[in-house]
Amino acid sequence: MSKIYNIVTHPAESLRKRSEEINIQDIRNPDFLVLFKDMKKTMLKKDGVGLAAPQIGKNIRLIIVNTYDGPTAMINPIINKKSWAKVIGEEGCISVPNTFGDVSRHKKIIYSYIDEKGRNKKLEAKDMEASIIQHEIDHLDGILFIDKAKNIKKA
Ligand SMILES: [Zn+2]
């Protein structure tokens with residue numbers, strides 16, 4: 001049985017904690033496979049372009065990003081390199097409903113993570129995709145886009 005998670009909204013404590021690293025042995029556990037699937041489903045259902053585990057109340061370093069290849073689970077993601085150049089884009093977050101703001105992000109990043117099969121990945125992202133990854137990794141450190149946004153608007 002798959003499920004759609006409830007989204008934790010601001011102000012909630014789980015959105016403000018630093019999330020714990022995932023032990024790689026643990027991802028072989030079938031519960032994790034179910035979690036990956038359900039988080040992807042939840043993200044799509046809520047029309048999100050990304051979803052971080054703290055947003056469903058789990059303080060572990062796991063994000064789902066809707067990449068060009070479709071919803072992708074990224075375990076223990078880190079940013080290895082960031083461009084000096086930045087881009088400003090309008091962001092929102094399903095954990096901060098009906099709120100938008102302009103956030104400055106690194107235009108290009110090199111990032112790495114462990115995929116759901118336990119493989120190490122190192123990739124480059126730019127523009128919108130890079131911004132989404134930065135937004136989601138911020139969630140793992142208890143940071144919300146409203147902490148960084150300018151011109152915050154309520155819809
Ligand atoms: Zn968010």
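Cysteine 93 is buried in this predicted model, because its relative accessibility is 11%, and buried means under 20%. Histidine 135 also counts as buried, since its relative accessible area is 8%.

What do these two residues hold? Cys93, through SG, and His135, through NE2, are protein donors of the zinc ion, together with His139, also through NE2. These donors lie 2.1 to 2.2 Å from the zinc ion. Along the chain, the donors follow the spacing C-x41-H-x3-H. Distant parts of the chain are linked in this way: cysteine 93 belongs to strand S4, residues 86-93, while histidine 135 sits in helix H2, and 42 residues separate the pair.

Allow me to turn to the sheet. In what order do its strands stand? The order is S1-S2-S3-S6-S7, in an open sheet of five strands with antiparallel pairing. Strand S1 (50-52) and strand S7 (120-126) form the edges, each pairing on one side only. From one strand to the next, the twist averages 40°.

At one end of that order, strand S6, residues 108-114, pairs with S7 over seven bridges in the antiparallel sense. Within this region, serine 112 stands opposite lysine 122 of S7.

Finally, I come to the helices. Helix H1, residues 30-45, packs on the sheet and touches S1, strand S2 (62-67) and strand S3 (70-82). The direction of helix H1 makes about 50° with that of S2. Helix H2, residues 127-140, lies across S1, S2, S3, S6 and S7, and runs at about 165° to S2. Helix H2 thus returns us to the zinc ion, as histidine 135 lies in that helix and is one of the donors.

Technical notes: Residues are numbered from 1 along each chain as its sequence is written. This is a predicted model: local features need pLDDT of at least 70, side-chain atom pairs count only at pLDDT 80 or more; totals for chains, interfaces and linings use all residues. Side-chain values use heavy atoms; hydrogens and water are left out. Two strands pair if DSSP finds at least two bridges between them. Helices (H or I, at least four residues) and strands (E, at least two) are DSSP runs, numbered from the N terminus. Axes are lines fitted to C-alpha atoms, for helices over the stretch in contact, and angles run from 0 to 180 degrees between N-to-C directions. Contact means heavy atoms within 4.5 Å. Donors are N, O and S atoms within 2.8 Å of the metal (3.2 Å for Na, K and Ca); water is not among the atoms, so sites may look incomplete. Buried means under 20% relative accessible area, exposed over 50%, partly exposed in between (1.4 Å probe, protein chains only).
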